[in-house]
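Here is a short reviewer's note for someone opening this entry without prior acquaintance. Please read the points with the structure in view.

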Amino acid sequence: MTQYTFDFTEASVPSISSASMLVELSISVWAGRKQDKRASEEVATANNADKGVARVTKSLLAGCQELDALIKFASNVRNSHYNSTLPWSDMGPRLLPTAKYFAYHKQFTALQAEFDRMVQAFLDAYDLEVAQAQAKLGDLFDVREYPTAEELRSKFAFRLNYIPLPDAGDWRLDVGNEALASLREQYESHYKKQLEGAMKDIWTRLHDVLSTLSRQLSDKTEDGKTPKIYQSVFDRALEVLDLMETCNVTGDPNMQLTQRKLQQAFRGVTVEAVKDDAYLRRETKKSIDAAIAALPSLDM
């Protein structure tokens, strides 16, 4: 792969803060699981094992469709959040370009409303589910382990928080000039490092999805079979191409050029088309392989 290095000048730093923001997504869901110490000790004793080596975890509402759906929904929302944003801070906030704000906010406001609806559906079914759990758990059932419906409500949360991305020189601190200069230098270094990580994340996503798609577009596998082509991989590739356009906050010309070439390669290409047309399949794979070979070297 070709070697490519990032070049972030001081002049480019403020422009990033005006073109992006940070977004925090916090989702909490009651898992409905509890360790049973008594049962854990009984398992250890029954197997002549030391105390503490066995751990029995109960599903307090096993088979509750409403709770299972909520847990799965929360996981999917987190994945959508990661796919729609770029990494920025280890503490949680992620980079969201202003160009994506309205689409992101519309999508996640709708997801929040659906989350609230699902929580209410679960709470409505909760008392009946507890009664059914007693029959399922038998001697493992302990009513003290079940919070009230009102207590449960506080265990579910869906929060979005948008945070302005500060400029490198945006320090409102009453410190001396020498300390202020040091703080600015440290933040600029951190700023550029985080920005490099965000841009590298786009290239890494592109590399991963193109590599998967290339394998699926091969004529034959090692065992002589024709690989399956999945719509989800095509969809993920198109999502990354959109990300390259809307999240290229540094204005990277290499990313712009790669995005345009891949858009051209994918124009008119569908899963059904490459399944039915061997020539289109080969040509699409050829374009994808060429794009992979030209990707920046990012220790991938």
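The numbered points below go from the whole chain to single strands, helices and residues.

1. Status and overall make-up. The model is predicted. The chain contains 10 helices and 6 strands. Of its 300 residues, 38% are buried. The accessible surface of the chain is about 17,600 Å², and carbon and sulfur atoms account for 49% of that area.

2. Contacts along the chain. Contacts between residues at least 6 apart in sequence were considered here, and 77% of them join residues at least 24 apart.

3. Strand β5. This strand covers residues 94-97, and both of its faces are covered. R94 and L96 lie on one side, L95 and P97 lie on the other, and all four residues are buried. The arrangement fits a general rule: side chains in a regular strand alternate between the two faces of the sheet.

4. Partners of β5. Which strands pair with β5? One is β1 (residues 20-28), which runs antiparallel to β5 and is joined to it by 4 bridges. Within this pairing, M21 is opposite L96. Another is β4 (residues 86-87), also antiparallel, with 2 bridges to β5. Here P87 stands opposite R94. R94 and L96, the residues named in these two pairings, are on one side of β5 and are both buried.

5. The course of α4. How far apart are the end C-alpha atoms of α4? They are only 51 Å apart, although the helix has 40 residues and a straight one would reach 58 Å at 1.5 Å a residue. A reader should look at Y126, where α4 bends by about 50°. After α4 comes G138, which has a positive phi, near 60°.

6. Salt bridge within α4. The whole structure holds 7 salt bridges, and one of the pairs is E114 with R117, whose closest N and O atoms are 2.7 Å apart. The two residues are 3 apart in α4 (residues 98-137), so about one helical turn separates them. E114 is partly exposed, at 28% relative accessibility. R117 is also partly exposed, with a value of 47%.

7. Salt bridge within α10. K286 and E283 form a salt bridge through their side chains, at 3.2 Å from N to O. Both residues belong to α10 (residues 278-293), where a spacing of 3 residues puts them about one helical turn apart. Is K286 buried or exposed? K286 is exposed, with a relative accessible area of 53%, whereas E283 is partly exposed at 28%.

8. Salt bridge between D142 and R144. The closest N and O atoms of this pair are 3.0 Å apart. R144 has a relative accessibility of 73% and is therefore counted as exposed.

9. The loop holding G52. Where is G52 found? G52 sits in the loop between α2 (37-46) and β3 (57-59). At 67% relative accessibility, G52 is exposed. G52 and E41 are 11 residues apart along the chain, and 7.1 Å separates their C-alpha atoms.

10. What to check on screen. For the strands, start from β5 and follow its antiparallel pairings with β1 and β4. For the helices, view α4 at Y126, the site of the bend of about 50°, and then locate E114 and R117 in this helix. In α10, the corresponding pair to locate is K286 and E283.

Key:
Residues are numbered from 1 along each chain as its sequence is written. This is a predicted model: local features need pLDDT of at least 70, side-chain atom pairs count only at pLDDT 80 or more; totals for chains, interfaces and linings use all residues. Side-chain values use heavy atoms; hydrogens and water are left out. A salt bridge is a side-chain nitrogen of Lys or Arg within 4 Å of a carboxyl oxygen of Asp or Glu. Buried means under 20% relative accessible area, exposed over 50%, partly exposed in between (1.4 Å probe, protein chains only). The expected span of a helix is 1.5 Å times one less than its number of residues. The bend at a residue is the angle between axes fitted to the seven residues ending there and the seven starting there. Contact means heavy atoms within 4.5 Å. Accessible areas come from the Shrake-Rupley method with a 1.4 Å probe; for residues, only the protein chains shown count as cover. Two strands pair if DSSP finds at least two bridges between them.
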